[in-house]
Amino acid sequence: MTHVPEYIDKLVHPILEIRGRALSSLLQKVELNLVTCGRLSQYPKFLPNLLQLLDLGPHTLRFQVLNLLSFMFKDDSARRQFASLGGTYYLRSLKATAPLDLLPDINHLLQKLQNCPHQASEDITSRSPELQPQAEEKKGQHWAALDDTEENSLSFTSNQGANFSEMGYTVDGSHMESLFDLTLQEPSATDQNSPVTFTVFPWQALTQIDRKVLDSTTQSLLSHNEAVVVASLHFLDAIVLKDFPPEVLLQRPAVIQAVYGCIEEEGELAWRVQGPACSCLLTLTQLLSRRIAHFKDPHLMPEKEEIASSSSSGLNTPNMDINRSCCSFFGGYMQNIGAHGHVRHTKGKDEGHLGDGPNRSGSFNNVIKDLSGTTTHEEDDGDEFILLGMHQLTVTGHCSHIMRRLCSLMVSPRPSIQDVSLRLLTSCLALLQQCVQPQFLWEQEDYDEVSEEITGEIRRIILCISYLIVAGFEAKRSASTNTEAERQVMNINCLALILYRILTDFIPLEASSQVIDNDVCEGMIRILCDGGFYFEHMSQHNVLLKHLSIANPTVGTQIKSVLFAAQSLKATSDFLQTSSSQQVQFLDLAEKAIPVSSIHQSNVLVEKFVRGVAKQISLGNMEEEHVEKAQMLLLQILRFPDATIRLSGYKSVQRLVEDSVGASQAVDTLMTRSPRILLLLSPTVIRHLVYFGLADDNEEVMKAAKGIILGLLNGHPLMNASVLTAAVHCWYSCLTDLQCLSDSVSSLGRVVTNLPSVVYKGDGTLQNIEHLKYWLQCLYLRDRDTRIQALSRVVQKLVTTTSDFLPDPRDFHLAVHHDLLIIKHPIPLFFMSNLISEEGRLMKVLELILGQGIDPGVCKAAWSQLAFLLEDPQLHRPFLQLCSLQFLVMNFVNMMKRDGSQNLTVEYLPGAVETLRLLVTHSAHIRSKLLKDEEFLLCVVRAALLYYADDRTRSQASCLLALLVFNDVIIYMGTENEQKQVNGVRKDFICVPELLPSKLHLPFLCGTYIWHERNGLCEEMRTVHQIIQERDWQVLDFLKAVWAASCVGGLEKIDQTSKFSVSLQLSKYEAALLKSSVLSVAMTKLLKNVENATSHKDVKKNINTLSFYIQQVQFASCKCEDFFISSQWIQSLQRFLTSQPNSSVDEQLLTHILNFLSVSLSIYIPVVKAGTSLCPPLLPLLLNELKNKKSALYHTLQSAAI
């Protein structure tokens, strides 16, 4: 007993003899009852090790293992534990390929597992009333799963080989459950949602002669003699792969592993081995693809209740030939499967054998013979079956090995290696696509071994491609010659197309984040910011961007911003070629082009826009909505964050004003040019010139803005009637905005001061409230003379009002009271308060204010207390509900009136003024309403004079009036997110345009803001500038390429760059690299090189490179019809096709060219123009040469026995 654990551990010992002795010892102990089955099953390693031993083999030990299991299955716990370890599944998979002498034991064990006690417990559970609903649900799910499976198809999984999915086999109405139960007892068809649909082929038995052929080939491939290796590769490609079924090399992977090693050869001469190795693998991969298509063809799958045999599964291995060599009959096999591998040769065969499985007309013995043809092996083949068959190379594993080793060859300096490696990779991806369902491959939570291998390999190949793309860009940047740089461009584009193909075929969009990490993201960014790839492969570019946006939304948004700039550059190019008479298109293109002005920084676009729009407006061709859109675009230029573009806009507008209503137009008596300034006669434009232009950081912009405003104001004598009417209307709307410019010193200030007389036509009584508002604003000006003039106008207005107000207007002294509203120490206006007041106190205060017979001292204190309470903004709403604004204003006005007796209510004014100031501070509605009350405005001025000596009350009155008259230009930064910091303490306060504090004495503390700053540079362009400054993404080179291609109509036409912008000019070197990205241009150049070649080596080199390019055409699904139907083909290749070869070297070159033409013509897609199909001009030449028996091509092919 003490040795039992040691025996259990030795069951999985690496040495075969030790495993056999340990198994024999345990079996003897059980047979002699020295160890009970229950006690043996208590060892946790026993059953797992036994199951592993069953897998390790050899097959001679399996009988003993099955015998030991039959003893163990007498114990219920042992059966349950074995089933939980997946033993049932393994026994079923073993049954499909086991020798006939093991089938009874396997069936016996499977029957015991079916009668496992856990099933009985399920029956008890289903009969239990409490658990019956759960049992019914599980039962329904079980039968639904059975219904969803396809009952009669082969399942190819990693460890199964070819399993049969029939529920049983019926002969004469009896269900066979013995040795002749040749099928599995449960459906094993591949789940429709399984990510892997094909992994291994059914086992192919070989004779001794066959194995010797493979062994000798393997030994030759491992030779140190390069010539022997190359010869072996050619033998494998030309002979072995044609005589053997391709799956044999996967089931016995020694040969194929040696070929993999040939690809990994290193050194300067490694290409001599790599080329034949890739060709060999290409042939194998193509054959495997045909075989899988044959197996998966639904017309060749067995029908219901039919045994899937060697005939029905496509093995095409007759039973009578089981001892014949593949070398003797598999040559005919290649003929039987046809050109495409899934259309079998029908001559001499019964039609009932085509796609219908085996002929069921025979006896039951024929069924056994059919099965034995796929399960019985020669004695010498047994060890090989154990060592290789159970660990054979899967189809997906074959694809993984190729992809892993092939990336480095894609950037080989030899075009022939690049060409064959790209063809191999294309074939490999097509093969892998036949074996997987990508939509289910990335949805799994627990990956099985095969799926994990596939997903891991896909991740590795994507990462490797990304590394190569980054390295390619670095090599292109450091290339010393144009040829080397163009080769790197070719490699980069090819790698990008491969990446596109992999992502498209194997990675659903929602799974992009599982394969695109930071390293892959870097490579994708490089290719997405490449101008050549963007123009030549735009659809592939879009697909890559979609995947990147899913995996990394931040980077995806940044790339989209770069593409936004590229589209804007295209629009700029179109805009410069569009006439302003095409108004809609002209404005739409301008709208798209303006944002990218910060990149090219050219004033050509701005000048054309301003002149073009002004011209169309003067001609009366523009509708009102188009004029408004043009004005908004002009404002976008004038507020552009880039100083160069902004200054260009201001100078263009200034020149427009000078050329329309300037002094130089005085001789234009008809005033025909004045309508051009209608573009500028908008209150929005004028306000922008005032608040933004005159406060700009750039002195030249300020000077230009001042010149524009002065030119417009002084140019009214040169305006025709309609333009003058529009100008007066515009000045009327923005007079109060121009007021801050009024002074008695500057020419602009004097013009603005006299502007009201033009607008209001000499109205000195200020009958218009807007006129009054203008002069009230002037009372805050820094210029003393202007304030005196404004005060005189206001006093005249006070005189015209009724005389029952205090104080008398005659008490105003212009020389003394011109600073009536000027406060030496501006007060802060807080929007928030820490006071927490109760509405009850507010009601008591209002009762005192509104009550009759209240002592004046008490009433005065109540007004002061009311002002104190209203410092809390939360009490404003309750206050206005208890006391209306109209009542409060009426009381305030009445306090200023004379009543014939001593006026005691005037003492309440300080509290009333402060109360009103608090209300207007927090309510824009109240400000707008009080601003329309002329009597109220004048009373505020009277209150300031009445309490001239009281700084607090005068300050409150000055703030109250300023809040009203500057309401339109004030922004309150107390809402939500727009808050600032004052002296390190968070405060809510007023903000005004930057110009006002420099021109006015405002009575309150305030912040400043740039007028319409939020409408400056769009978010996309901000992102682009940030990328250019902070990241090494070559964005500027990308935009250069976009601009150059947009100007000339495509990359292929780039010969000289545009002088539109210095920052977007391309050098000749950069232009040449961009042209090399165009497949048709690069391929045409190679054809010319072939025509001008002076040696066989040059011809082959250019032909190989051209073949590599044409493979990319197929990879990218491009047409390139202009290239394929060009006459350059005949000019380049006619001399090779029509000349008589003089040597074997010439014949080899001709063969090479013919192979190339075969690939090229197979890729070409005919183009139909005007109802006529256009074919390559080379095709008629080839047909004529082949038909002419006297031609050199005909004799060459005949001598080569082709």
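Start by selecting helices α39 and α47, numbered from the N terminus as DSSP runs (H or I, at least four residues for helices; E, at least two for strands): α39 passes α47 in a left-handed crossing, a label given when the near helix is turned anticlockwise from the far one by less than a right angle, a clockwise turn being right-handed. In this predicted model, local features need pLDDT of at least 70 and side-chain atom pairs count only at pLDDT 80 or more, while totals for chains, interfaces and linings use all residues. Residues are numbered from 1 along each chain as its sequence is written, and side-chain values use heavy atoms, with hydrogens and water left out.

With residues 784–800 (α39) and 934–946 (α47) highlighted, the two axes come within 11 Å and cross at roughly 115 degrees; axes here are lines fitted to C-alpha atoms, for helices over the stretch in contact, and angles run from 0 to 180 degrees between N-to-C directions. Show the side chains next: V794, K797 and L798 of α39 make the contact with E934, L938, V941 and R942 of α47, contact meaning heavy atoms within 4.5 Å. These residues divide into 4 nonpolar, no polar and 3 charged, where Ala, Val, Leu, Ile, Met, Phe, Trp, Tyr, Cys and Pro count as nonpolar, Asp, Glu, Lys and Arg as charged, and the others, Gly among them, as polar.

Move now to α28 (residues 583–593) and α31 (residues 624–638), which pack at an angle of about 25 degrees with their axes 11 Å apart. The two helices are therefore roughly parallel to each other, since angles under 35 degrees count as roughly parallel, over 145 as roughly antiparallel, 65 to 115 as roughly perpendicular and the rest as oblique. The crossing of α28 and α31 is left-handed. On the α28 side, select Q583, V584, L587, D588, A590 and E591, which meet H626, K629, A630 and L633 in α31; the residues of this contact comprise 5 nonpolar, 2 polar and 3 charged.

Which cysteine sulfur is closest to that of C740? The one in C778, at 9.6 Å, is too far for a bond, a disulfide being a pair of cysteine sulfur atoms within 2.5 Å, and by this rule the count comes to 0 disulfides. C740 counts as buried at 2% relative accessibility, whereas C1047, at 26%, counts as partly exposed; buried means under 20% relative accessible area, exposed over 50%, and partly exposed in between (1.4 Å probe, protein chains only).

Finally, zoom out to the protein chain, which has 59 helices and 11 strands. Of its 1202 residues, 52% count as buried.
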